[in-house]
Amino acid sequence: MDIVLLIKAAIMGVVEGLTEFLPISSTGHLILAGALLGFDDEKAKVFDIAIQTGAIFAVILVYWQKIRDTVVALPTERQAQRFALNVLIAFFPAVILGLLYGKAIKEHLFTPVVVASMFIIGGFIIIWAERRQQKNPAVTRIHDVESMTAMDALKVGLAQCTAMIPGTSRSGATIIGGMLFGMSRKAATDFSFYLAIPTLIGAGAYSLVKDRALLSWADAPMFGVGLVMSFLSAWLCIRWLLRYIASHSFVGFAYYRIVFGIVVLATAWTGAVNWSG
């Protein structure tokens, strides 16, 4: 058993869990962390996607009551049926575009410079969205996920597709996209969590099946460590974030994105850090 490899897997799991549901791009952080750790070959890319499942288990645990109630009510209650349908509607755009363009995006855009650039651009978009909602509270018309229409769900689903560009942030795209489309910060965050369940489980399963030739049973400890660390760190992060957004905006994350993106670009251009691995 390679202890160094397991330590790298644990670090990557923590990075995944802490960043998956914050608007700061888990994919971007994993690419950068992988480059620094020398953990960025083809197998590592499958690992990065697979350990998202650990973070999803954390979402299911935190939102278990709502998920259970929805499943139980699906056969008879219209509200539960509409909620489940909205999640599916928001999920399908990413499936379609992912199948069409996922390979090309991975080949050409999964680079530290692209990630850093999207960090900066996304940061400015978050600031704009927050200031827009603060200056004009009337634009907020949806205060809970049950009030969403199918069109609202489709808009959020299309916003999620922009996260196919690494560094954008899936959670950032869905939360900020939701806010721009009239959702409150809390409603957009909740829906982002629910939408993550089919999106990340689907992406993980697809990647494992597609790239199964790269894997063997000897990789099981590495994946196990990554999944456990991803679950634990995501669970802590989700609980913290739900308390945080009750009294704070996402502007702090925007400034983090901008500063971090500038640091990555500066060190990449000067050669101070070999972000390409």
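In this predicted model, Asp152 is buried, with a relative accessible area of 4%, and its side chain forms a salt bridge with Arg141, in which the closest N and O atoms are 2.6 Å apart. This pair links distant parts of the chain, since Asp152 belongs to helix 8 whereas Arg141 sits in the loop between helix 7 and helix 8, 11 residues apart. Unlike the buried Asp152, Arg141 counts as partly exposed, at 45% relative accessibility.

The structure holds 8 salt bridges, including a pair formed by Arg185 and Glu130, whose closest N and O atoms are 2.7 Å apart. Arg185 lies in helix 10 and Glu130 in helix 7 (residues 112-135), so this salt bridge ties together parts of the chain that are 55 residues apart in sequence. Both partners fall below the 20% limit for burial: Glu130 has a relative accessible area of 4%, and Arg185 is buried at 19% relative accessibility.

A further salt bridge joins the side chains of Glu42 and Lys45, with an N to O distance of 3.4 Å. Here the two residues both lie in helix 3 (residues 42-50), 3 residues apart, which is about one turn of the helix. Glu42 is partly exposed, with a relative accessible area of 47%, and Lys45 likewise counts as partly exposed, at 39% relative accessibility.

Arg257, found in helix 12 (residues 251-270), presents another situation, for this residue is buried yet has no salt bridge. The nearest side chain of opposite charge, that of Glu20, is 11 Å away, and a salt bridge would require a nitrogen and a carboxyl oxygen within 4 Å. A polar atom of the Arg257 side chain does, however, lie 2.7 Å from the backbone oxygen of Gly167. When residues up to four places away in sequence are not counted, the residues that Arg257 touches include Gly167 itself together with Thr168 and Ser169, as well as Pro23, Ile24 and Ser25, and also Met118, Phe119 and Ile120.

Helix 6 (residues 78-109) is marked by a bend of about 60 degrees at Tyr101. The buried residues of this helix include Ala80, Phe83, Asn86, Val87, Ala90, Phe91 and Pro93, and also Gly102 and Ile105. Among the elements that cover these buried residues are helix 5 (64-73), helix 8 (150-161) and helix 10 (185-210). Two of these covering helices also take part in the salt bridges described above, helix 8 through Asp152 and helix 10 through Arg185.

Notes: Residues numbered from 1 in each chain as written. Predicted model: local features only at pLDDT ≥ 70, side-chain atom pairs only at ≥ 80, totals over all residues. Heavy atoms only, no water. Helix = DSSP H or I, 4+ residues; strand = E, 2+ residues; numbered from the N terminus. Buried < 20%, exposed > 50% of the residue type's maximum accessible area, 1.4 Å probe, protein only. Lys, Arg positive; Asp, Glu negative; His and termini not counted. Polar contact = N/O pair within 3.5 Å; in protein donor to acceptor, adjacent residues only side chain to side chain. Contact = heavy atoms within 4.5 Å. Bend = angle between axes of the 7 residues up to and from the residue.
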